[in-house]
Amino acid sequence: MMRKSIQMALISLGFAAVACGGGKGGATTPGGGGGDQNAVYGPLEVGADWESYTKVNSTPSNCTDHGGRLCDTYVNDVGLEAYKNEDADIPSGTIIVKQSWEKDAQGNPGARGPLFIMAKKDAGFDDAHANWYYAMHWENPTEKWAARLGGPVYWRSPSAKVNYCWGCHDGYDRALGMVPEENRAW
Ligand code: HEC
C-alpha cells in the first residue's frame, strides 16, 4: 500500500528516532522556536487537564514508535467510547494524551518522558490530515535529551516540527496507532 510505503520510508529515514523527543531542529532553537511561535516552550495548553481523563491502558505499553519508551494513554470524555470502538468516527473535541516514561535499568517506568498529544478539531482545521492537531511537550527532559533538545520543548500544530507525527499517524486507520491489545484496559 502507498501509505505503508511512505511510512516505511519515513522510518528508514530516521523519523522514528525523532519521535524519541529529539529532532535536529530542536537543538538549534533552544526554547525559542527560531521564530516559530508554535515551537516556543510554554505551559501545556491543549490537553492541560489530561490527568482527569480516563486511562485506557491497564499496563504501560511498549511504545517503540515514541522513542522506545513506556506509555500510558489517556482519553477525554468526548472521545472515550469512540476511541475504544474501531468502527466509530472520532468526534471533534476528542483529546488523547500519552504520558511516556523513560525505562529505568530494570525496564520499568523511570523518569517522565514527553507528553504526546492529539486533538481532533473541526473540519477546516487541517483537512489534509483529518483535522488532527499534534503536539509534544516535555517540561523536564532528561540530561541526555536536554543536551540534544536544548531544554524543554513544546512543539504543536501548525509547527513543521510535528509533521513527522502525521507522517506516521496518517497511515493508520482513523490516524490512531491504538494501545496494543495486551495493554488495553477495555
Ligand atoms: C513511527 C510512527 C509514529 C510516530 C512518528 C509518532 N507516532 Fe504516535 N503512535 C504510534 C503508534 C504505533 C501508536 C500506538 C501504539 C503506542 O501506544 O505506541 C501511537 C499512539 C499515539 C497516541 C495515542 C493515540 C493513538 O494513536 O492510539 C498519541 C496521542 C500519539 N501517538 C501522538 C504522537 C505525536 C504527538 C507524535 C509526534 C510528536 C507521534 N505520535 C509520532 C506511532 C507513531
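## Strand 6 and its two faces

In this predicted model, the residues of strand 6 point in two directions. Trp132, Tyr134, Met136 and Trp138 face one way, while Tyr133, Ala135 and His137 face the other. Residues of both groups are buried. Strand 6 is accordingly described as mostly covered, with seven of its seven residues buried.

## Neighbouring strands

Strand 6 pairs with strand 5 in the antiparallel sense, and six bridges join the two. One of the residue pairs can be named: Lys120 has Trp132 of strand 6 as its bridge partner.

Strand 6 also pairs with strand 7, which covers residues 153–156. This pairing is likewise antiparallel and extends over four bridges. Here Ala135 stands opposite Arg156 of strand 7.

## The surroundings of the ligand

The ligand is surrounded by 27 residues. Cys63, Asp65, Cys165, Cys168 and Gly177 are the closest of them. By residue class, the shell around the ligand consists of 20 nonpolar, five polar and two charged residues.

Several helices and strands supply at least two residues each to this shell. The helices are helix 2 (15–18) and helix 6 (163–169). The strands are strand 2 (61–63), strand 3 (69–75), strand 4 (95–103), strand 5 (109–120) and strand 6 (132–138). Helix 6 makes the greatest contribution, giving four residues to the shell.

## Strand 6 in context

Strand 6 thus appears in both parts of this account: it is joined to strand 5 by six bridges and to strand 7 by four, and it supplies at least two residues of the shell around the ligand.

Technical notes. Residues numbered from 1 in each chain as written. Predicted model: local features only at pLDDT ≥ 70, side-chain atom pairs only at ≥ 80, totals over all residues. Near = placed C-beta within 6 Å. Nonpolar A, V, L, I, M, F, W, Y, C, P; charged D, E, K, R; others polar. Buried ≥ 20, exposed ≤ 12 C-beta atoms within 10 Å, placed from the backbone. Pairing = 2+ DSSP bridges.
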